[in-house]
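Thanks for coming. I will go through one structure today, starting with the chain as a whole and then moving to its parts. Please have a look at it first.

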Amino acid sequence: MASARLSIATLMSVAAAFMLLVTLPMSTLAKSYVVGDGAGWSVPSSPMFYAEWVNKHSPFHIGDTLDFQYAGGDSVLLVNEKDYNMCNVWNPISSWINGPHAYKLTIPTTLFFISGSPGSCRKGELVAFPVIAAAA
């Protein structure tokens with residue numbers, strides 16, 4: 001009889017552990033990315049640097065965090081696609097200055113970020129992030 005109780009207790013422990021794993025929020029699986037890795041958020045050495053960086057780290061999921069590391073005098077602007085393509089700094093959706101800034105991804109969409117420093121966007125300091133639903 002003791003072995004039957006042990007089996008039931010073991011089974012209940014396994015079931016409890018399984019329920020805990022199933023009910024953990026998806027954010028526990030989220031990743032944090034330093035945008036640009038060691039280069040951070042700055043005028044890149046190549047105009048394709050950030051596009052290549054995104055390709056290297058994709059996919060980005062809801063719950064992930066983008067960590068923009070940059071020094072004073074620079075900024076990060078969240079803009080719409082048109083302003084991204086034109087490097088228009090005058091109509092940001094949101095803006096952050098004198099970094100660093102962490103941005104948590106909350107919806108499936110494409111997010112567009114540019115530098116607010118004069119001329120930096122045209123030199124390649126811009127990045128688009130396709131965000132998809134969290135992985136199951």
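What percentage of the 136 residues in the chain do buried residues make up? The figure is 35%. Please keep in mind that this is a predicted model.

Now the overall layout. The chain has three helices and eight strands. If you read along the sequence, they come in the pattern α-β-α-β-β-β-α-β-β-β-β. There is also a figure for how far apart in sequence the contacting residues are. Take the contacts between residues at least 6 apart in sequence: 70% of these join residues at least 24 apart.

The strands bring us to the sheets. One is an open sheet of five strands, in the order 2-8-7-4-5, and its pairing is mixed. Its edge strands are strand 2, residues 60-61, and strand 5, and each of them pairs on one side only. As general background, strands of a sheet pair through backbone hydrogen bonds, either parallel or antiparallel.

Let me stay with strand 7 for a moment. Strand 7 pairs with strand 8 in the antiparallel sense, over six bridges. Within that pairing, Ile114 stands opposite Leu126 of strand 8. Helix 2, residues 49-57, packs on this sheet and touches strand 2 and strand 8. The direction of helix 2 makes about 20 degrees with that of strand 8.

Strand 7 also pairs with strand 4, residues 75-79; these two run antiparallel and are joined by four bridges. One residue to pick out here is Phe113 in strand 7. Leu78 stands opposite Phe113, and in strand 8 the bridge partner of Phe113 is Val127. Is strand 7 mostly covered or mostly open? Strand 7 is mostly covered, with five of its seven residues buried.

On to the other sheet. This is an open sheet of three strands, in the order 1-3-6, again with mixed pairing. Strand 1, residues 32-34, and strand 6, residues 101-104, are the edge strands, and each pairs on one side only. On average, neighbouring strands of this sheet are turned by 20 degrees against each other, with direction ignored. Strand 1 pairs with strand 3, residues 65-68, in the parallel sense, and three bridges are found between them. Val34 stands opposite Asp67 of strand 3.

Next, the cysteines. How many disulfides does the structure hold? It holds one. The partners are Cys87 and Cys121, with their sulfur atoms 2.1 Å apart. The angle about the S-S bond is -70 degrees, and the link of Cys87 and Cys121 is left-handed. Where do the two partners lie? Cys87 is in the loop between helix 3 (81-86) and strand 5 (94-97), while Cys121 is in the loop between strand 7 (109-115) and strand 8 (126-132), so the disulfide ties together parts that are 34 residues apart in sequence. Both cysteines, Cys87 and Cys121, are buried.

The loop between helix 3 and strand 5 also holds Asn88. A polar atom of the Asn88 side chain lies 2.9 Å from the backbone nitrogen of Trp90. If we leave aside neighbours within four places in sequence, Asn88 is in contact with Val79, Asp83 and Ile114. Ile114 came up earlier, as the residue opposite Leu126.

Last, the aromatic residues. A pair of aromatic rings is described by the distance of the centres and the angle of the planes. Searching the whole structure gives 13 aromatic pairs. I will show two of them. For Trp41 and Tyr50, the ring centres are 5.2 Å apart and the planes are at 50 degrees, so this pair is tilted. Trp41 and Tyr50 are both buried. For Trp53 and Phe60, the ring centres are 6.0 Å apart and the planes are at 25 degrees, so this pair is stacked. Trp53 and Phe60 are buried too.

Which residues form the aromatic cluster? One cluster takes in Tyr33, Trp41, Phe49, Tyr50, Trp53, Phe60, Phe68, Trp96, Tyr103, Phe113 and Phe129. Phe113 in that list is the residue that Leu78 stands opposite.

That is what I had to show.

Terms used
Residues numbered from 1 in each chain as written. Predicted model: local features only at pLDDT ≥ 70, side-chain atom pairs only at ≥ 80, totals over all residues. Heavy atoms only, no water. Pairing = 2+ DSSP bridges. Axes fitted to C-alpha atoms, helices over the stretch in contact; angles between N-to-C directions. Disulfide = S-S within 2.5 Å. Buried < 20%, exposed > 50% of the residue type's maximum accessible area, 1.4 Å probe, protein only. Phe/Tyr/Trp six-rings, centres within 6.5 Å; stacked < 30°, edge-to-face > 60°. Polar contact = N/O pair within 3.5 Å; in protein donor to acceptor, adjacent residues only side chain to side chain. Contact = heavy atoms within 4.5 Å.
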